[in-house]
Amino acid sequence: MNVLNPKLSMITYGAVIAALYAALTVVFAPISFGMMQVRIAEVLTILPMFTPAAVPGLFVGCVIANVFGGAAIPDVIFGSIATLIGAIGSRMLRKSRWLVPLPPIAANTLIVPFVLRYAYGVGGALPALAMFVAAGEVISCYLLGELLIAGMLRMNRIKPPQ
């Protein structure tokens, strides 16, 4: 970061990421919530590869999105925690482009099926719910995420992590 106040810059980056996550979730609300969800905002879960500001930004954005999206309280809490765990994992794996999308996929696949079952009363076996969640996460995090990573790495201003 080439700025006068690095702390302010980190807060600003985090806030912008939170706003983007919340906006993308709400704009695409019909596919962002439910048993089979492809949350377009989850593409942003690759951003911890490029900046630590993305970790709190994604968490706060998920909280805001779930609140404004009308999610149940357990979803606001545990869905957001799943996003936080995924973001922390992505940051830890930032040196491996192909592993960066895995933590959000894993965290959501393990946590969200329980939220669907116990907060919304969605029927079906938990492994089946996990497969639906995983499918949506793979689309958002891996397919779309890889496109975002490729685009960001091609930009001269964005360098791969060291």
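Three short exercises with solutions follow, all on a predicted model.

**Exercise 1. The salt bridge**

Find which side chains meet in a salt bridge, and work out which parts of the chain the pair ties together.

Solution.
- Step 1: Search the whole structure; one salt bridge turns up.
- Step 2: Identify the partners. The side chains are those of Arg97 and Glu146, at 2.1 Å from N to O. The cut-off is 4 Å, so the pair qualifies.
- Step 3: Place them. Arg97 sits in the loop between α4 and α5, and Glu146 in helix α6 (residues 126-154). The pair therefore ties together parts 49 residues apart in sequence.

**Exercise 2. The α1 and α3 crossing**

Describe how the axes of α1 and α3 cross, then class the residues in their contact.

Solution.
- Step 1: Take the geometry. The axes of α1 (residues 6-27) and α3 come within 7 Å and cross at roughly 35°.
- Step 2: Assign the hand. The crossing is right-handed.
- Step 3: List contact residues. From α1 they include Gly14, Ala18 and Tyr21; from α3 they include Gly57, Leu58 and Phe68.
- Step 4: Class them. The contact of α1 with α3 has twelve nonpolar residues, four polar and no charged ones.

**Exercise 3. The second largest pocket**

Determine which residues lie nearest the centre of the second largest pocket, and which helix gives the largest share of its lining.

Solution.
- Step 1: Note the space, about 170 Å³.
- Step 2: Go to the lining. It has 17 residues; Ser32, Gln37, Arg39, Asp75 and Val112 lie nearest the centre.
- Step 3: Check the helices. α3 (54-68), α4 (73-92) and α5 (102-120) each supply at least two lining residues. The largest share, four residues, comes from α5.
- Step 4: Sort by class. The lining divides into six nonpolar, seven polar and four charged residues.

Notes
Residues numbered from 1 in each chain as written. Predicted model: local features only at pLDDT ≥ 70, side-chain atom pairs only at ≥ 80, totals over all residues. Heavy atoms only, no water. 1 Å grid on protein atoms, 1.4 Å probe; cavity = no way out; pocket = protein on both sides within 12 Å on 5 of 7 lines; lining within 4 Å. Points joined across faces, edges and corners; volume = space filled by probe spheres on them. Nonpolar A, V, L, I, M, F, W, Y, C, P; charged D, E, K, R; others polar. Axes fitted to C-alpha atoms, helices over the stretch in contact; angles between N-to-C directions. Left-handed = near helix turned anticlockwise from the far one by under 90°. Contact = heavy atoms within 4.5 Å.
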